[in-house]
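Here's a quick tour of a protein model, from overall make-up to its cysteines. Have a look at the structure first.

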Amino acid sequence: SDRRGGIGVCGWILVSLSLLLVLITFPISIWACIKVVREYERAVVFRLGHILSKRPKGPGMILLLPCTDTFIKVDLRMVICKIPPQEILTRDALTAQVDGVVHYRIHSAVSAVANVTDVHSATLLLAQTTLRNVLGTQSLAQLLAGREEIAHSIWATLDSATEQWGVKVARVEIKDIRIPVAMQRAMAAEAEAAQETKAKVVAAEGEMNASKALQKAAKVLAESPVALPLRYLQTLTAVAAQNSSTIVFPLPINMFGSMGQKSTGG
């Protein structure tokens, strides 16, 4: 009853005449009426300019009436759309070029045909605008470190906007982020300075620990005068084992004097 009210009485007269023409010219006319829709396609059929059904036809073989019926095929396969590089001004007033990839598919063929002129161009333009709007609210550090969170935010915005077009956005990825060469050099210099600062701090901490260890060793040697000559001899043995060459090793004579006094006193 809704379809009859849509095309009117004259429309149904034309449909009847078209059906009568098919019956008269059968079986020759049947070849013009049969259309084949592939597994990954759906056909939106129009009868006198009105959509014939809320559900698309296919896959398989469909029958159309000549002169009154037309159809549009819609591909339901996943579409991988590359977003061209976008010049973006970040929140901290730095420029960057960002491109990405959008994975989407059409889940409602009727909405994709009836609600938008070109669903693929509309999705691509909306993806570019959404990418610029979302990234404009982020700083450069957040943009470099939080790609997954930003991509998820873009996906949520894009998926809700394309729902009325019969499009389901499966995934959004930020492919590459390009910054000016001068900015790259400044960031590299900053990172190098930070690494040098850390290295100096580590070296200073090592010197402090070494000085504390030497202070403890000096206290131990001061308690036992015999330990210092023994340490000299141990060092001389270690050096002589490495290279077979003449070694001049200064040795204070008073060490052995103090050792002799210590031994005779005992």
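What follows is a short report on the fold, the surface, the confidence and the cysteines.

## Overall make-up

Keep in mind that this is a predicted model. The protein runs to 266 residues, and 26% of them count as buried. Its secondary structure comes to 9 helices and 8 strands.

How much of the contact network links residues 24 or more positions apart? Taking the contacts with a separation of 6 or more, such pairs make up 65%.

## Surface

The protein exposes about 17700 Å² of accessible surface. Carbon and sulfur atoms account for 60% of that area.

## Confidence

Mean pLDDT for the protein sits at 82, with 85% of the residues at 70 or more. Residues 1-5 are a weak spot in confidence terms, as pLDDT stays under 50 there. For that stretch, the model has 3 contacts beyond four places in sequence.

## Cysteines and disulfides

How many disulfides turn up in a search of the whole structure? The count is 0.

Cysteine 67 shows why a bond is missing in its case: the closest cysteine sulfur, in cysteine 33, is 9.4 Å from its own, which is too far. To count as a disulfide, the two sulfur atoms would have to be within 2.5 Å.

Are these side chains buried or exposed, taking cysteine 67 to start with? Cysteine 67 is exposed, at 77% relative accessibility. Cysteine 10 is exposed too, with a relative accessible area of 60%. For both, the cut-off to pass is 50%.

Methods. Residues are numbered from 1 along each chain as its sequence is written. This is a predicted model: local features need pLDDT of at least 70, side-chain atom pairs count only at pLDDT 80 or more; totals for chains, interfaces and linings use all residues. Side-chain values use heavy atoms; hydrogens and water are left out. Buried means under 20% relative accessible area, exposed over 50%, partly exposed in between (1.4 Å probe, protein chains only). Helices (H or I, at least four residues) and strands (E, at least two) are DSSP runs, numbered from the N terminus. Contact means heavy atoms within 4.5 Å. Accessible areas come from the Shrake-Rupley method with a 1.4 Å probe; for residues, only the protein chains shown count as cover. pLDDT is the predictor's confidence in each residue, from 0 to 100.
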